[in-house]
Amino acid sequence: MRPSAPVTPAQQAALVAAAGEAAAHAYAPYSNFRVGAALLLGDGSIVTGANVENASYGLTLCAERSAVVRAVTEHGPSMRIAAVAVANLNHADSSPCGACRQVMAEFMDPAAPVFFPQQGSVQSRSLGELLPFGFGVRHER
Ligand code: THU
């Protein structure tokens, strides 16, 4: 699929389910807030990540950035993210944090959707809505 192709309901459901499964692998002994993220890549594959905390709290890696790091490692630097889903096992609202939005924007079009739990249901917003005026520099890819 092209990174800009619309995400089908079946793809969205698979992505949300994958994020939930990834959350079960979170390492979150300090916050007990267990997060999973799933990325739908331009080639149709799904890559997941979970949050990984540390006794030095500031070293904690969010689920979304874990997934991005894994996607680049497994699929190479030209991978593109067509959609993202976030889930948590705490029945809490969790849209991606600002740092993760900026990191996702490196590989994602502003029009691409992000699905996240909010007030008991799955909300969808484009990355551009979540991160208006994100930082960027021109570079050769
Ligand atoms: N966390 C994520 O994994 N993603 C976010 O977008 C926000 C927060 C994690 C970090 C930490 O392990 C826990 O949630 C509580 O902040």
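A residue counts as buried when its relative accessible area is under 20%, as exposed when that area is over 50%, and as partly exposed in between. In this predicted model, Cys 97 has a relative accessibility of 32%, and it is therefore classed as partly exposed.

The cysteines can be followed further through their sulfur atoms. A disulfide requires a pair of cysteine sulfur atoms within 2.5 Å, and the structure holds zero such bonds. Cys 62 is accordingly in no disulfide, with the nearest cysteine sulfur, that of Cys 100, lying 3.8 Å away. For Cys 97 the closest cysteine sulfur is again found in Cys 100, and because the separation is 3.7 Å, the two sulfurs are too far apart for a bond.

Turning to the sheet, one finds five strands arranged in the order β2-β1-β3-β4-β5, which form an open sheet with mixed pairing. Its edges are β2, spanning 46-50, and β5, spanning 121-126, each of which pairs on one side only. On average, and with direction ignored, neighbouring strands of this sheet are turned by 20° against each other. Within the sheet, β3 (residues 81-88) and β4 (residues 113-118) pair in the parallel sense over two bridges, and Ala 85 stands opposite Phe 115 in β4.

Two helices pack on this sheet. Helix α1, made of residues 9-23, touches β1 (35-41), β2, β3, β4 and β5, and its direction makes about 145° with that of β1. Helix α2, made of residues 63-75, touches β1, β2 and β3, while its direction makes about 135° with that of β2.

Key. Residues are numbered from 1 along each chain as its sequence is written. This is a predicted model: local features need pLDDT of at least 70, side-chain atom pairs count only at pLDDT 80 or more; totals for chains, interfaces and linings use all residues. Side-chain values use heavy atoms; hydrogens and water are left out. Buried means under 20% relative accessible area, exposed over 50%, partly exposed in between (1.4 Å probe, protein chains only). Two strands pair if DSSP finds at least two bridges between them. Helices (H or I, at least four residues) and strands (E, at least two) are DSSP runs, numbered from the N terminus. Axes are lines fitted to C-alpha atoms, for helices over the stretch in contact, and angles run from 0 to 180 degrees between N-to-C directions. Contact means heavy atoms within 4.5 Å.
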